[in-house]
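Q: Please take a close look at the part of this model where the two chains meet. How are the copies arranged, and what makes up the side that one of them offers to the other?

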Number of protein chains: 2
Amino acid sequence: MTERGRKSLKRAQGEETRITLLDTGAELFAKNGYNGVSMRTLAAEAGVNLATISYHFGGKAGLYEAIIQEITNVRDQIFPPTEAVRARLAEAGETPEERAEVVDWFMGALIDGLLVRTDYLWGVVIISRELVHPTEIFSKMEAEFFSPNLESLSVLVRETAAHCRDETDAILTGHLIVSIIIQLLESHALICKRLGWDSYQGHHKTIEAIVKTRIRGLLGLPMENAQ
Amino acid sequence: MTERGRKSLKRAQGEETRITLLDTGAELFAKNGYNGVSMRTLAAEAGVNLATISYHFGGKAGLYEAIIQEITNVRDQIFPPTEAVRARLAEAGETPEERAEVVDWFMGALIDGLLVRTDYLWGVVIISRELVHPTEIFSKMEAEFFSPNLESLSVLVRETAAHCRDETDAILTGHLIVSIIIQLLESHALICKRLGWDSYQGHHKTIEAIVKTRIRGLLGLPMENAQ
DNA sequence: TTTTATCTTAAACGAACGTTTGACAAACAT
DNA sequence: ATGTTTGTCAAACGTTCGTTTAAGATAAAA
């Protein structure tokens with residue numbers, strides 16, 4: 001959410017305001033929930049006038065939906081799409097270690113897109129929060145965000161796991177994997193406190209190595225050479 | 001949250017109202033977040049007058065804190081406490097399969113306390129939500145709820161896992177395990193939709209078998225005989 | 001019965017909410 | 001130069017929020 005158009009000075013000003021509101025809104029909504037953020041604090045935090053939000057997004061709900069849309073737009077930059085997974089699987093060999101390396105690649109992409117790069121962090125937290133109490137936008141989010149991502153994961157599980165009973169197992173196990181990543185984002189305060197860290201900064205490699213190893217094991221793959 | 005005193009008719013009336021408010025509040029706060037629930041809708045949903053909430057709990061914040069306290073009070077009924085884990089580990093043998101059976105027991109207790117019995121479901125969702133944006137009650141929750149539970153888990157990991165690099169690995173892996181259970185609660189709507197289920201009802205055994213097997217693998221233990 | 005304590009209730013309070021309005025400045029198009 | 005579009009702003013709108021008050025109802029204690 002950092003690029004901006006260069007059409008004209010006046011347009012650029014408005015676009016910059018739009019981006020500022022999307023970024024500020026994502027962080028505040030993720031931290032405090034939709035109802036926990038007032039338009040006045042949001043405007044103050046973004047350094048704009050109260051009415052500017054309604055001007056650009058039609059209102060509070062409009063801004064919220066725009067933030068969610070922003071995430072679904074860059075979905076494939078975070079989660080490797082199903083075709084990419086299939087391609088990678090086709091290239092790889094059939095030995096357990098070779099299958100495991102595909103899993104490493106997938107988890108590496110996930111960790112890089114969500115833990116290392118933090119551009120879309122708050123957006124993903126917002127979306128994952130919507131799961132607890134599905135409202136009318138749930139169907140849209142399910143179709144445009146969750147379903148494709150979890151499809152990638154169940155393909156990965158089905159084609160790599162050493163122990164996979166049936167389709168239910170593949171789908172549920174795919175969900176278990178994404179659960180781990182989501183929760184790494186949401187409980188980063190608790191995890192850092194327990195590990196004596198200030199933040200994940202400087203510990204990405206440690207986390208990545210542990211998570212990759214554990215996911216390998218979860219899929220019944222060799223845990224020794226996670227990379 | 002179902003037992004009640006029998007001191008007198010009048011006292012019993014008030015206590016019943018208290019319990020109704022705790023139950024109703026837990027569900028509403030879990031689904032909509034603290035700021036997403038108004039005292040008027042809460043009172044209407046519980047079938048009591050608006051002022052009754054303030055009478056019993058001092059206000060909205062008081063009810064919220066009472067709900068969280070309710071969960072920390074029954075913490076050990078959900079998460080096996082550290083001493084129970086150590087005792088079980090001491091009884092068990094040293095073979096991988098015997099270690100794995102201790103893990104099965106732990107996961108069975110967790111699934112039973114949170115997925116099968118649903119008394120404390122909403123409370124746990126509320127607590128896990130507080131993780132995203134720690135406030136002043138975070139320290140209290142960390143000390144009274146999370147720290148003991150995660151201590152149990154890191155002991156379990158340290159004493160059973162076949163691949164455990166160091167203390168960081170044990171703590172983080174313990175967190176990965178609880179992440180899976182928490183997310184099973186929070187995203188039950190999405191999971192059921194993906195699996196074509198109405199709810200978890202009638203599928204507890206399926207979930208339990210898959211989760212136990214996957215956790216065994218995650219810890220580098222034999223995945224064949226999960227029970 | 002009278003008194004007291006416990007619990008519920010309707011009504012009102014000020015504060016904060018999301019939204020709308022109309023005026024204003026700056027950069028466009030003609 | 002002139003009118004239009006675009007973006008920002010302060011002020012006010014009606015609504016809903018959490019809280020408080022004072023009165024009423026019921027069971028226990030005197």
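A: In this predicted model, chain B can be laid on chain A with an RMSD of 0.1 Å, the operation being a turn of 180 degrees with a shift of 0.0 Å along the axis. The two copies are therefore related as by a two-fold rotation axis. The same surface serves both copies, since 100% of the contact residues of chain B recur in chain A.

As for the extent of the meeting, 43 residues of chain B are in contact with 44 residues of chain A. On the side of chain B that touches chain A, at least two residues each come from α1 (9–32), α9 (138–160), α10 (167–186), α11 (188–195) and α12 (204–218), and α10(B) gives the most, with 12 residues. By character, the residues of this side of chain B divide into 20 nonpolar, 16 polar and 7 charged.

Turning to the nonpolar interior, the largest nonpolar core has 110 residues, of which V103(A), I126(A), V103(B) and I126(B) touch the most other members. Leaving aside residues up to four places away in sequence, I126(B) touches A26(B), F29(B), A30(B), I67(B) and I68(B). In soluble globular proteins, nonpolar side chains tend to be buried together.

One annotated stretch may be added for orientation: UniProt, in an unreviewed entry, places the feature "DNA-binding region" at residues 38–57 of chain A. That span of chain A is 80% helix and 0% strand, and its end C-alpha atoms lie 15 Å apart.

Conventions
Residues are numbered from 1 along each chain as its sequence is written. Chains are lettered from A and ligands numbered from 1 in the order in which they are written. This is a predicted model: local features need pLDDT of at least 70, side-chain atom pairs count only at pLDDT 80 or more; totals for chains, interfaces and linings use all residues. Copies are superposed by least squares on the C-alpha atoms of residues with pLDDT of at least 70 in both. Two residues are in contact if their C-beta atoms, placed from the backbone, lie within 7 Å. UniProt positions are given in the numbering used here, feature names are shortened, and annotations may be inferred rather than shown by experiment. Helices (H or I, at least four residues) and strands (E, at least two) are DSSP runs, numbered from the N terminus. A nonpolar core is a set of buried Ala, Val, Leu, Ile, Met, Phe, Trp, Tyr and Cys residues joined through C-beta atoms within 7 Å. A residue is buried if 20 or more other C-beta atoms lie within 10 Å of its own, exposed if 12 or fewer, and partly exposed in between; C-beta atoms are placed from the backbone. Ala, Val, Leu, Ile, Met, Phe, Trp, Tyr, Cys and Pro count as nonpolar, Asp, Glu, Lys and Arg as charged, and the others, Gly among them, as polar.
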